[in-house]
Structures are given as structure tokens and as C-alpha cells.
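Work through the following exercises with the sequence and the 3D view side by side, and try each task before reading its solution.

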Amino acid sequence: MASRSICRLALVRSHLSPNPLMASEKDAALSAAPSDSPTIFDKIMKKEIPSTVVYEDDVALAFRDISPQAPTHILIIPKVKDGLTGLSKAEERHCEILGRLLYTAKLVAKQEGLEDGFRVVINDGPSGCQSVYHLHIHLLGGRQMNWPPG
């Protein structure tokens, strides 16, 4: 049982953090490509891969990032992809889910005690450093953010 957990953890790390053979997250994003195959997030939703869920409702799932870039780093995803592999793929029919994801970010930030502020990030496409093609929001907080961000 322990070896199965270790294998799952290694699988999660291989999908959520840059490949050790790659020089950076940028390289991971440049090597990623949209496809119809299930993403790491689909597998997390199906409980095939463990995660630390901090919020869930019928529309959204929020869980801790395995490679946090801030003391609080949570990913918020829609439970139904509906063609939303990235923000640039959004259509008018997605307005409700996009608003719901941002509202979920606000709820989770409050739940996490981020009263002093937080940052919401959506990476889109290779130049935007997107490495998982399932729309997701990064909620970052717990420290002073810098500007410019990138």
C-alpha cells in the first residue's frame, strides 16, 4: 500500500512540477500541448491521483498546488472542461463558469485567511507558461507579492 502511494505521489509531481530533465517551468509549458486526453486535473477530480482538497462544490474544485510558489498556492478548476482548455478558448457560453471560478477564488482566499490580499493568475498558452490544458486559476497569497509579476 505504501509503495502505491509513493508511486502516485511521483506521478503527481511529474505532472504538476517541471520535469527534472527540463530547465524550467517555461520549458514544461513549451513542451505541453492541448489534447483530448485526460489531464492531471481530470485524474485528480476522479480521485485517481491524491490531492489536498480545500474546497469543492458542484461546479469547482480547489486543491493545494504540489509545488507552491507562495505560502498559500491553490489551484481552482472547473469540474466540467467544456472546451475550456485555456482562457483564450472561452466563449460567451462560458461566462457563468468564469465568474463562478473567480468567486470561488474569493471564497477560498477568505477561508485561507488571506485578508491582506492575494493574487489570482491564469496562465494561457505556451507564452503564458501554461503546462496543463484544463483552465485553472492559481490563487497565491500569504506573502507580499511583487510587481511586475513575470
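The exercises below concern a predicted model, and each one is followed by a worked solution.

**Exercise 1. The aromatic pair**

Task: Find which rings form the one aromatic pair in the whole structure, and decide whether the pair is stacked or edge-to-face.

Solution: A search of the whole structure gives one aromatic pair. The rings belong to Phe41 and Phe63, whose centres are 5.7 Å apart and whose planes stand at 65°. Planes over 60 degrees apart count as edge-to-face, so the pair of Phe41 and Phe63 is edge-to-face. The next step is to place the two residues: Phe41 is in helix H3 (residues 40-45) and Phe63 is in strand E2 (residues 60-64), so that the pair, 22 residues apart, links distant parts of the chain. Buried means under 20% relative accessible area; Phe41, at 1% relative accessibility, therefore counts as buried, and Phe63, at 0%, counts as buried too.

**Exercise 2. The two sides of helix H4**

Task: Work out where the buried residues of H4 lie around its axis, and which residues are exposed on the other side.

Solution: Begin with the helix as a whole, which covers residues 95-111, has 17 residues and reaches 24 Å from its first C-alpha to its last, close to the 24 Å expected at 1.5 Å a residue. The buried residues in H4 are Ile97, Leu101, Thr104, Ala105, Val108 and Ala109. They cover an arc of only 135° around the axis, which puts them on the same side of H4. An α-helix has 3.6 residues a turn, so residues three or four places apart point the same way. On the other side of H4, Glu96 and Lys110 are exposed.

**Exercise 3. Salt bridges**

Task: State how many salt bridges the model has, then describe where the partners of the bridge between Lys79 and Glu56 lie.

Solution: The count comes to eight salt bridges. Side chains of opposite charge can pair when their charged atoms come close. The side chains of Lys79 and Glu56 meet in one of these bridges, at 2.7 Å from N to O. This pair links distant parts of the chain, with Lys79 in the loop between strand E3 (72-78) and H4, and Glu56 in strand E1 (residues 53-56), 23 residues apart. Lys79 is partly exposed, with a relative accessible area of 27%, and Glu56 is partly exposed at 43%. Lys47 joins Glu56 and Lys79 in a network of salt bridges.

Arg93 can be followed in a similar manner. Arg93 forms a salt bridge with Asp82, their closest N and O atoms being 3.2 Å apart, and both residues lie in the loop between E3 and H4, 11 residues apart. Arg93 also meets Glu91 in a salt bridge, at 2.4 Å from N to O. Asp82 counts as partly exposed at 40% relative accessibility, and Glu91 is partly exposed with 45%.

**Exercise 4. A surface patch and a contact in space**

Task: Name the residues of the nonpolar patch on the surface, and find how far apart Ser37 and Tyr133 are in sequence and in space.

Solution: The nonpolar patch is formed by Leu87, Leu102, Phe118, Val120 and Ile122, which together have about 380 Å² of accessible area. Of these, Ile122 lies in the loop between strand E4 (118-121) and strand E5 (137-141), and is partly exposed, with a relative accessible area of 30%. Turning to the second part, Ser37 lies in the loop between helix H2 (25-31) and H3, and is partly exposed at 43%. Ser37 and Tyr133 are 96 residues apart in sequence, while their C-alpha atoms are 9.9 Å apart in space.

Methods:
Residues numbered from 1 in each chain as written. Predicted model: local features only at pLDDT ≥ 70, side-chain atom pairs only at ≥ 80, totals over all residues. Heavy atoms only, no water. Patch = residues over 30% accessible without salt bridge, like charges linked within 9 Å, V, L, I, M, F, W, Y side chains within 5 Å. Areas by Shrake-Rupley, 256 points an atom, 1.4 Å probe, with all protein chains shown as cover. Salt bridge = Lys/Arg side-chain N within 4 Å of Asp/Glu carboxyl O. Helix = DSSP H or I, 4+ residues; strand = E, 2+ residues; numbered from the N terminus. Buried < 20%, exposed > 50% of the residue type's maximum accessible area, 1.4 Å probe, protein only. Phe/Tyr/Trp six-rings, centres within 6.5 Å; stacked < 30°, edge-to-face > 60°. Expected span 1.5 Å × (residues − 1). Arc of directions from axis to C-beta.
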